[in-house]
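Visitor: Hey, I'm new to this one. Can you walk me through its pockets?
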Amino acid sequence: MADKQVYGISLDVGTMNFVSARRTATGVETKRMRDVFIDLPPNAKKMLRLSGTSFVEREEDVLILGDAAMETANVFGREPRRPLSNGIVSASEAQSLEVLGLLAKHVLGDPLIPGETCFFSVPAVPIDRPGQDVIYHRGVFERIVKECGYTPHAANESMAIIYSECAAEGFSGIALSFGSGLTNIALAINTIEGLSFAVGRGGDWIDHGASQSIGATQARICAVKEAGINLNAPRNRTEEAIAFYYKALLEYVLDQIAARFKSIEGQFALTKAIPLIVSGGTSLAGGFMEFFTRIFEERRKRFPVEISGIRQVKEPLNAVAYGLLIQAIQEQEEE
């Protein structure tokens with residue numbers, strides 16, 4: 001008897017990566033595309049075809065998307081353009097909406113049935129950026145997902161990590177998603193969201209600060225990080241600058257979490273210790289967990305929530321997409 005087809009798909013909308021996940025007969029299949037682009041003049045088309053680089057042809061220019069855009073930017077010493085900024089749709093990029101639609105279509109593909117359910121991630125509102133919200137961002141992606149042929153459902157980014165990683169704890173825990181534009185935080189007890197928020201620093205903040213400090217491009221700093229760096233043993237000035245900014249980021253995030261939890265501690269009571277789950281592309285740096293744990297232990301006594309343990313997800317780039325997929329399949333089956 002053939003396996004029953006499971007419907008429902010997810011889309012993790014990240015400042016650095018778009019990731020989709022779908023359950024197939026052989027397991028969960030993911031598809032990723034880097035959330036960057038670069039524009040080139042029309043006369044570049046011949047060379048791009050010769051090199052086999054895929055591009056989007058337009059009247060006034062050609063657009064290279066994804067990893068190829070990052071590689072091209074590094075070769076020419078340019079900063080790749082980002083359709084998302086600080087975790088949400090970039091107001092300064094006039095071409096953002098077109099590019100975001102192309103990226104989403106690439107990783108989602110066509111629905112298996114008309115109006116198939118798609119859960120997509122939305123960041124929480126950053127507590128350190130007064131006046132910023134995610135209403136427009138959510139609306140843009142509801143439209144984009146719908147135009148791809150799916151029924152869209154927005155879901156909190158960090159809560160998705162709870163769904164994908166905390167089944168053993170009854171879906172209770174604190175999830176930290178260290179993204180490029182934001183760091184998202186959620187506390188959940190037995191699947192119920194107790195608190196969620198974001199802080200306005202992430203991998204891009206590290207890249208910007210380190211690049212300004214040593215006179216490099218942000219793309220170059222990002223390339224150094226991804227080529228392999230041990231935060232606990234930097235080998236040169238560039239890696240040392242990156243490590244300094246990682247330390248500042250982690251200290252800031254943990255202090256913001258402690259302050260936020262402290263301000264509402266009378267509103268909830270935890271009967272047992274819960275795990276602290278770490279995810280996100282910015283957590284992929286070598287030695288990150290040792291680095292993070294050391295900084296957390298310096299603050300453990302002042303942390304208002306009892307932590308049973310700290311662990312990193314097995315697949316930091318896919319964890320959000322996996323959690324969203326669980327929700328998408330459940331929603332689809334209930335329809």
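Visitor: Where does the second largest pocket lie?
Guide: This is a predicted model. In it, domain 1 (9–34 + 71–160 + 318–334) and domain 3 (166–312) both give residues to the lining of the second largest pocket, so that pocket lies between them.

Visitor: And how much space lies in the second largest pocket?
Guide: About 390 Å³. Its lining is made up of 24 residues, and Arg82, Leu84, Ser85, Asp204 and Gln218 are the closest to its centre.

Visitor: Which element gives the most to that lining?
Guide: That would be α6, with four residues. β7 (84–85) and α7 also each supply at least two.

Visitor: What's the mix of residues there, by class?
Guide: Seven are nonpolar, ten are polar and seven are charged.

Visitor: OK, switching over. What volume does the largest pocket have?
Guide: About 580 Å³. It has 35 lining residues, with Met16, Asn17, Ser180, Gly281 and Thr282 nearest its centre.

Visitor: Which helices and strands supply at least two residues each to that lining?
Guide: Two strands, β1 (9–13) and β3 (27–34), and two helices, α6 (203–214) and α7 (218–227).

Visitor: How does the lining of the largest pocket split by class?
Guide: Polar residues number 15, nonpolar ones twelve and charged ones eight.

Visitor: Last one: why is the largest pocket said to lie between two domains?
Guide: Because domain 1 and domain 3 both give residues to its lining.

Notes:
Residues numbered from 1 in each chain as written. Predicted model: local features only at pLDDT ≥ 70, side-chain atom pairs only at ≥ 80, totals over all residues. Heavy atoms only, no water. 1 Å grid on protein atoms, 1.4 Å probe; cavity = no way out; pocket = protein on both sides within 12 Å on 5 of 7 lines; lining within 4 Å. Points joined across faces, edges and corners; volume = space filled by probe spheres on them. Nonpolar A, V, L, I, M, F, W, Y, C, P; charged D, E, K, R; others polar. Domains from an automatic or database assignment.
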